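This report describes selected features of one protein model, moving from aromatic pairs to a sheet with its helices and then to a single residue.

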Amino acid sequence: MRSAYHNEPFLDFSDDSVNQQYDSALAQAEANLGQHYPLVIGGAKIRTERSHSSVNPARKRQVIGTVSQADTALAEQAVQAAALAFESWKNTDPNERARYLYKAAALMRRRKFEFSALLTLEAGKTRAEADADTAEAIDFMEFYAREMQRLSDPQPLIPHDEEENHLYYIPLGVGIVIPPWNFPLAIMAGMTSAALVSGNTVVLKPASATPIIAAKFVELLEEVSLPPGVVNYVPGPGHEIGDFLVDHPLTRFISFTGSRDVGLRIQERAAKIQPGQQWIKRVIAEMGGKDAIIVDEHADLELAADAITASAFGFSGQKCSACSRAIVHEQVYASVLQKVVERSKKLVVGNPAYAKVQVGPVIDESAYRKILEYVEIGKQEGKLVLGGFPGDPEGYFIQPTIFADVDRAARISQEEIFGPVVAFTKAGSFEEALAMANQTDYGLTGAVFSNNRAHLELARQQFHVGNLYFNRKCTGALVGVHPFGGFNMSGTDSKAGGRDYLLLFTQAKLVSERF
């Protein structure tokens with residue numbers, strides 16, 4: 001019997017010995033840079049002539065490694081390998097499937113520093129952010145393994161005197177997993193683990209900015225002897241193999257986390273029936289947010305300022321849950337704005353390999369240019385009170401940026417920037433603040449700071465987001481504690497890390513036998 005689930009504890013970086021271990025892990029990771037990672041299809045390593053280089057966003061001339069690139073012929077091979085493996089994997093006992101995840105989680109726990117150091121180098125994550133990413137990956141594997149075992153137990157049904165009835169949750173088939181670069185270990189491992197422990201097989205197309213981390217995870221699955229073909233590692237250009245994999249008639253589901261535009265394109269293409277297709281494809285999508293923190297006139301302003309700063313600038317604002325809008329009651333607006341500016345000025349921006357750095361780079365040049373374009377838009381739409389300029393040209397650094405007096409309908413209030421930019425908007429009442437918060441196409445996370453119980457209850461009813469937090473930051477969801485996923489254009493309402501998530505990767509089969 002497995003012990004009760006609990007979240008993986010975070011490392012204490014106030015402890016010098018922890019930082020020394022992290023320094024050693026970084027040195028070891030840097031010593032191993034520059035390796036090549038082939039495709040993995042049906043257990044076979046395939047090296048292609050075409051390759052892609054992954055670079056350190058904090059030191060953009062430093063190559064983390066190279067990965068082979070699949071074309072449509074190799075993508076076809078991967079789907080066929082997954083389809084072949086599914087014929088045996090679907091019949092593997094759910095408890096056995098769970099044990100693969102337990103073993104992988106145990107190995108990752110022992111190598112926490114190794115995986116986190118790679119996250120620092122390839123994704124530009126500070127030590128605390130990288131550790132949280134690795135801990136969440138462990139959590140997903142542990143949680144989903146237990147959930148599959150729970151779903152494999154006899155399911156409660158209303159008894160019938162003349163029949164014996166059983167409900168089973170059976171797998172779907174071949175799934176395409178398309179993870180994001182911002183949580184390149186946690187979300188990638190979570191999406192993949194949920195699919196495989198449910199009895200499905202996977203074609204994993206990693207994010208182009210962070211393919212090495214995904215390759216290391218696939219190596220971990222090989223180390224625990226996951227059967228060949230259950231997970232196939234197929235990096236490649238999205239415009240070339242992405243549509244092909246989504247359209248394939250053997251594709252049963254697509255699990256995607258990323259931008260709204262790409263997610264909607266996947267939804268549209270998956271809805272079209274292809275020749276030879278025997279099912280309606282399922283799309284499990286999380287597509288970002290435009291998240292707001294509301295500060296009421298009756299609130300702990302110090303706590304609110306801490307939360308806005310952490311939620312807006314943690315991982316340089318590159319979280320779908322990040323606070324990109326601060327909606328503050330007019331009576332405390334000036335005070336909260338001043339407090340956030342003061343805190344943000346003290347943030348240390350730089351190479352996240354250094355222990356004291358709190359804000360690292362953005363992921364790549366495309367993101368860098370897009371964010372700076374939004375900064376220029378913001379200068380026309382509000383008052384720039386902090387930042388608004390690049391940092392060290394060695395990497396893709398942008399200073400934490402705050403705009404004040406921004407209209408609720410402004411572009412920087414409505415469009416997802418995905419960078420270290422937050423817009424402050426003044427509200428005349430709590431009801432107006434709620435209306436402003438809901439005035440967006442998204443509905444992922446939000447937070448309310450208030451000591452007025454009536455206002456908190458009103459927000460509980462009317463703040464239309466999938467994850468709503470009271471008197472705490474709007475980032476930092478924990479697996480099993482805060483099932484994560486949003487409404488509207490934020491996705492398909494799936495709740496990663498929740499008790500109903502594996503239902504999205506399974507189908508219920510009822511067997512009834514008359515006595």
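Buried here means under 20% relative accessible area, exposed means over 50%, and partly exposed lies in between, with a 1.4 Å probe and protein chains only. The model is predicted, so local features need pLDDT of at least 70 and side-chain atom pairs count only at pLDDT 80 or more, whereas totals for chains, interfaces and linings use all residues. Residues are numbered from 1 along each chain as its sequence is written, and side-chain values use heavy atoms, with hydrogens and water left out.

Rings of Phe, Tyr and Trp (its six-membered ring) pair if their centres lie within 6.5 Å, and planes under 30 degrees apart count as stacked, over 60 as edge-to-face and the rest as tilted. By this rule there are 13 aromatic pairs, including the two tabulated here.

| Pair | Centre distance | Plane angle | Class |
|---|---|---|---|
| Trp181 and Phe418 | 5.6 Å | 85 degrees | edge-to-face |
| Tyr501 and Phe505 | 5.2 Å | 65 degrees | edge-to-face |

Trp181 and Phe418 are both buried. Because Trp181 lies in the loop between strand S7 (174-178) and helix H6 (186-197), and Phe418 in the loop between helix H13 (411-414) and S16, their pair ties together parts that are 237 residues apart in sequence; helices (H or I, at least four residues) and strands (E, at least two) are DSSP runs numbered from the N terminus. Tyr501 counts as buried at 4% relative accessibility, and Phe505 is buried at 0%. Ring pairs link these two residues with Tyr5, Phe140, Phe143, Tyr144 and Phe253 into a cluster.

Two strands pair if DSSP finds at least two bridges between them. An open sheet of seven strands, with mixed pairing, follows the order S14-S15-S16-S13-S12-S18-S19. Strands S14 (383-386) and S19 (467-470) stand at the edges with a single partner strand each, so one side of each is left without a neighbour in the sheet. Within the sheet, S12 (residues 291-295) and S18 (residues 445-449) run parallel and are joined by four bridges, and Ile294 has Val448 in S18 as its bridge partner.

Thr251, found in strand S10 (residues 251-257), is buried with a relative accessible area of 0%. With contact meaning heavy atoms within 4.5 Å, Thr251 touches Val174, Ile176, Leu245, Val246, Trp279 and Lys281, not counting residues up to four places away in sequence. The side chain of Thr251 also reaches the backbone oxygen of Leu245 at 2.7 Å.

Terms used:
Polar contact = N/O pair within 3.5 Å; in protein donor to acceptor, adjacent residues only side chain to side chain.
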